[in-house]
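Visitor: I would like a close look at a single part of this structure, with its surroundings explained step by step. Please take one helix and then follow the chain outward from there.

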Amino acid sequence: MHCTRTDLNSYTFTPVLTACAALLDPKRGHQVHALMIKLGVDCEIVAKTALIDLYSKYGQLGDSVSAFYEMRYRDVVAWNAILSSYLRHGLPRKALELFADMRKERVEFSEFTLCSALKACASSRACQQGKQIHAVVIVMGRDLVVLSTALINFYSHLGQIDAAMKIYRTLSCRTDDVMFNTLISGCFRNKRYDAALSIMSLIRPNAVALTSALSACSENSDIWIGKQIHGVVIRQGFTHDTQLSNAVLDMYAKCGKIREASLVFDRIARKDVVSWTSMIDAYGVHGYGAEAIDLFKRMEGKENNDVLPNSVSFLAVLSACARSGLVEQGRKYFYMFQEKYGLVPAPEHYACFIDILGRAGQIEEAWSLFPGMVDKNIKPSPAVWAAVVNACRINLDVERGEFAAKCLIQLEPNNPGNYVALSNFFAAIGRWDSVDALRSIMKRRGIMKGEGGSWVTMHKFGDKIQHEHSGTASFGNLQEV
DNA sequence: TTAGGGTTAG
């Protein structure tokens with residue numbers, strides 16, 4: 001058409017943009033956009049909306065947002081597209097701000113809008129706002145399968161599984177696999193195993209349901225259920241599914257079964273970046289720093305078909321070095337990831353590297369990283385300041401420690417963990433008056449440190465009790481001991 | 001002609 005006709009307009013290009021977005025080939029999409037500009041057909045509302053979606057799917061949030069703000073007039077579809085764009089980039093708070101702007105501009109919502117808003121509420125844990133949207137759904141009288149699914153997902157993520165089940169029970173619309181998968185994932189997430197398994201029995205086992213079941217078992221360190229799900233994965237012939245196998249691997253790793261995790265890893269035929277990173281991290285968490293590094297070298301080697309490490313792999317390798325005290329290796333990889341793979345360290349990478357250096361007494365080198373952060377326009381996060389405070393505690397660096405402590409509390413005054421780090425620092429330098437002062441501040445602000453705990457799972461086979469698994473819990477995270 | 005719900009690694 002481009003070669004033979006001269007009457008191309010916005011409506012010709014929008015489906016082409018949709019195709020480009022589906023192909024995830026930015027070069028092609030950029031060419032098409034350039035042609036649209038050249039022909040002057042990039043300004044219509046549908047064209048701009050398709051561009052919001054295209055750039056969002058390419059991971060170019062800035063360009064997606066630009067397309068939105070370049071519009072003279074915006075309809076509800078354009079607003080919906082930009083909400084999805086922010087959600088796709090993991091910015092639910094920003095999506096909720098835009099949702100508020102929609103209300104200010106008196107744009108009438110559609111079901112699409114409410115779905116996205118509910119998703120934003122679920123991932124940012126905006127309980128009250130989500131319930132208000134539920135009320136809007138009721139008032140609109142829309143009982144649709146997609147909207148009901150979004151509501152079930154919202155309540156499940158908030159831990160209100162009974163509210164989620166009530167929506168399912170009082171449904172008058174049709175059901176489908178996505179809704180059942182949402183229910184299954186919600187029940188597992190909230191440890192309603194019986195309900196989850198009985199819903200699973202209503203549908204044919206599918207990879208998504210099994211993956212979410214396994215990720216909930218990882219989260220809850222529930223090896224007993226996790227093993228049974230793994231059995232279903234094998235019996236139903238899903239072992240070729242990489243994403244599902246990654247979830248099996250991670251379940252064993254999170255439950256402390258590193259050997260089993262490694263066996264699953266070896267059997268994944270088409271390993272992706274998540275497979276490699278999960279296994280590297282599993283070794284690192286269990287203190288097998290050398291094994292983590294060996295595996296990373298294998299990832300770089302010939303057997304790996306061009307799967308490149310990303311920023312999560314970067315962090316997994318660094319944290320493996322930190323846990324095993326591998327200072328030289330940590331330093332090597334901190335720079336190698338930037339030079340060889342062009343990955344820009346985020347604050348969490350800096351926090352990890354500062355931790356490595358601090359434990360090794362290299363406080364000067366840790367401090368010397370700050371100018372580099374300023375150059376790269378990276379703002380130190382609370383985790384960075386916490387790492388500095390810990391480094392100063394180990395190295396008895398009073399002056400810098402006090403400075404970092406001040407920054408940390410200013411930036412994140414409600415995180416109990418920060419007060420623990422500060423308290424340990426002041427105790428180490430003998431400032432018991434400050435330790436006391438911190439306790440009073442915590443009391444006054446109502447900040448409570450989470451309790452630590454430990455647990456053992458026992459199973460009874462006839463008269464015999466078998467010890468199955470044990471671990472410790474602190475701040476909601478479970479770790480094998 | 002553009003927008004929506006469920007799944008894996010930090």
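Guide: What follows is about one helix, H17, and then about the domains of the chain. The model is a predicted one, and every value below is computed from it. Helix H17 runs over residues 273–285, and because each of its 13 residues should add 1.5 Å, a span of 18 Å is expected, which agrees with the 18 Å between its end C-alpha atoms. At the start of H17, the backbone nitrogen of Val 274 has a side-chain oxygen of Asp 272 within 3.1 Å, while after the helix comes Gly 287, with a positive phi near 85 degrees.

Ten of the 13 residues of H17 are buried, so the helix is largely enclosed by the rest of the structure. Among these buried residues are Val 273, Trp 276, Met 279, Ile 280 and Tyr 283, and what covers the buried residues includes helices H15 (242–254), H16 (258–266), H18 (289–300) and H19 (311–324).

As for the domains, the assignment for chain A gives domain 1 as 271–330 and domain 2 as 344–448, with 26 Å between their centres, taken over C-alpha atoms. Ten residues of domain 1 are in contact with nine of domain 2, and the area buried between the two domains is about 790 Å², with carbon and sulfur atoms giving 85% of it. The count of salt bridges between domain 1 and domain 2 is zero, and one residue pair in polar contact is found across their interface, both residues at pLDDT 80 or more. On the side of domain 1 that touches domain 2, H19 and helix H20 (327–341) each supply at least two residues, and H19 gives the most, with seven residues.

Key
Residues numbered from 1 in each chain as written. Chains lettered and ligands numbered in written order. Predicted model: local features only at pLDDT ≥ 70, side-chain atom pairs only at ≥ 80, totals over all residues. Heavy atoms only, no water. Helix = DSSP H or I, 4+ residues; strand = E, 2+ residues; numbered from the N terminus. Expected span 1.5 Å × (residues − 1). Buried < 20%, exposed > 50% of the residue type's maximum accessible area, 1.4 Å probe, protein only. Contact = heavy atoms within 4.5 Å. Polar contact = N/O pair within 3.5 Å; in protein donor to acceptor, adjacent residues only side chain to side chain. Domains from an automatic or database assignment. Buried area = accessible area lost by both parts, 1.4 Å probe. Salt bridge = Lys/Arg side-chain N within 4 Å of Asp/Glu carboxyl O.
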